[in-house]
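The following questions and answers introduce a structure and set its values against the terms used to describe them.

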Amino acid sequence: MTDGNTYGFDTLQVHAGSQPDPATGARQTPIYQTTAYVFRDAEHAAKLFNLEEVGYIYSRLTNPTVSALQERIAVLEGGAGAVCCSSGHAAQIMALFPLMGPGCNVVASTRLYGGTVTQFSQTIKRFGWSAKFVDFDDPAAVAAAIDDNTRAVFGESIANPGGYVTDIRSIADVADAAGIPLIIDNTSATPYLCNPIKDGATLVVHSTTKYLTGNGTVTGGCVVDSGKFDWSANDKFPSLSQPEPAYHGLIFHEALGPMAFTFHSIAIGLRDLGMTLNPQAAHYTLMGIETLSLRMERHVENAVKVASWLEQHPAVEYVTCAGLKSSPYYERAQRCYPKGTGGLFTFALKDGYDACVKLVNALNLFSHVANLGDTRSLIIHSASTTHRQLTPEQQEAAGANPNVVRLSIGIEDAKDLIADLDQAIAAATA
Ligand SMILES: *Cc1c(COP(=O)(O)O)cnc(C)c1O
């Protein structure tokens with residue numbers, strides 16, 4: 001069931017990538033708990049290893065439960081193919097891996113998930129890669145940062161956690177003009193609120209840990225390829241456009257066309273980096289996606305209700321939620337994200353760092369956790385947790401100042417969430 005042209009989102013989130021199990025008729029996608037798959041004969045095995053026939057070899061590379069999830073996410077994002085991996089951070093490395101080499105750089109937004117800032121500013125240096133951070137509100141600055149060694153531009157659609165929304169089209173135009181792929185982390189928006197590929201992105205990455213799974217059970221990630229980038233237009237992407245010694249000289253783009261990136265990610269990325277998603281996790285995420293649009297509608301509705309209430313509270317200094325009319329990004333959000341800006345936002349308490357710590361301790365319904373995109377409402381004091389390894393300048397750029405807390409609004413009754421915040425703010429500022 002892959003007819004993305006005729007079925008609507010609500011149908012595709014339930015059916016895409018899955019069908020009754022051909023062996024048993026099982027209606028729900030089974031968890032194929034197996035490491036390996038029997039070859040029909042020696043010739044079949046040879047064809048699979050040559051990528052002449054698509055099939056299953058070994059679960060580090062492919063697994064039927066994981067394949068169902070890959071196809072479902074690819075269809076929802078409007079991509080040619082997708083590869084799942086063990087976490088969102090693994091997906092980011094998997095997205096960069098076919099593009100980069102020692103000495104290459106990625107031009108990235110200053111407004112990113114804190115873990116991504118650390119991964120890009122520190123850890124990727126071990127591979128000889130580097131990142132340049134630029135304000136994505138200034139497309140001319142993005143263009144100026146791209147140099148001969150730039151191999152990707154990277155941003156988040158709805159940026160976690162500062163209430164910032166990216167005008168993807170404006171950045172895609174810059175990347176296009178430079179002949180560089182744009183990678184968008186669509187974790188916070190999900191394909192229900194944003195379709196980066198429609199707006200010109202080449203690759204979409206996800207932490208499926210968050211809204212796609214939706215219930216805080218498993219970590220996972222995904223890279224979706226639009227299939228539209230011409231890897232052979234110049235010699236910048238030799239692993240895709242030239243004979244690849246790591247796969248007996250196969251020229252991926254020539255042999256596999258729009259599926260070149262996806263097959264490269266499986267045949268070399270998963271084979272050699274091994275950041276594989278397990279079938280049990282894929283099952284939980286498939287189950288989660290079945291209700292994605294329903295949950296996102298409620299997340300959006302609740303977030304605007306809670307943010308509006310907080311905005312008028314005398315103890316609150318400001319609320320950053322692009323769904324509020326007071327946001328500098330309201331107009332852009334209406335234009336680029338008409339179905340809403342998700343369930344994440346931050347607010348600042350006038351009383352500062354200590355009041356935030358008391359607030360977190362006083363809440364009953366909200367859980368204090370380093371996660372987001374759960375059915376349950378969550379809170380975190382970013383400056384003392386997820387963003388504590390960043391410099392004060394990086395914290396501020398990410399909207400994670402010391403007096404700011406981030407909320408991930410769940411799908412509970414908005415009035416109960418407001419009542420819990422009301423009593424906790426009173427306790428924190430007494
Ligand atoms: C959580 C998150 C990540 C990292 O994903 P993991 O699954 O935790 O590795 C990356 N980007 C964003 C926007 C996230 O919220």
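Q: What makes the approach of H89 to the ligand a polar contact?
A: In this predicted model, a polar backbone atom of H89 and an oxygen atom of the ligand are 2.9 Å apart. A polar contact requires a pair of N or O atoms within 3.5 Å, so the pair formed by H89 and the ligand qualifies.

Q: How do you know that D185 makes a polar contact with the ligand?
A: A nitrogen atom of the ligand lies 2.7 Å from a polar side-chain atom of D185. The cut-off is 3.5 Å, and therefore this pair counts. As for cover, the protein takes up 92% of the 380 Å² of accessible area that the ligand has on its own.

Q: What does G88 contribute to the surroundings of the ligand?
A: A backbone N or O atom of G88 is found 2.8 Å from an oxygen atom of the ligand. G88 is also among the residues that come nearest, together with D185, S207, T209 and K210, out of 14 around the ligand.

Q: Which helix provides the largest share of the shell around the ligand?
A: Helix α4 does, with three residues. By class, the shell holds nine polar, three charged and two nonpolar residues.

Q: Why is α4 called mostly covered?
A: Buried means under 20% relative accessible area, and eight of the nine residues of α4 (residues 88–96) are buried, so the helix is mostly covered. Among the buried residues are I93, M94 and L96.

Q: Which residue caps the N-terminal end of α4?
A: S87 does: its side-chain oxygen lies 3.4 Å from the backbone nitrogen of H89.

Conventions:
Residues are numbered from 1 along each chain as its sequence is written. This is a predicted model: local features need pLDDT of at least 70, side-chain atom pairs count only at pLDDT 80 or more; totals for chains, interfaces and linings use all residues. Side-chain values use heavy atoms; hydrogens and water are left out. Buried means under 20% relative accessible area, exposed over 50%, partly exposed in between (1.4 Å probe, protein chains only). Helices (H or I, at least four residues) and strands (E, at least two) are DSSP runs, numbered from the N terminus. A polar contact is a pair of N or O atoms within 3.5 Å; within protein, one must be able to donate a hydrogen and the other to accept it, and residues adjacent in sequence count only if both atoms are side-chain atoms. A residue is near a molecule or strand if one of its heavy atoms lies within 4 Å of it. Accessible areas come from the Shrake-Rupley method with a 1.4 Å probe; for residues, only the protein chains shown count as cover. Ala, Val, Leu, Ile, Met, Phe, Trp, Tyr, Cys and Pro count as nonpolar, Asp, Glu, Lys and Arg as charged, and the others, Gly among them, as polar.
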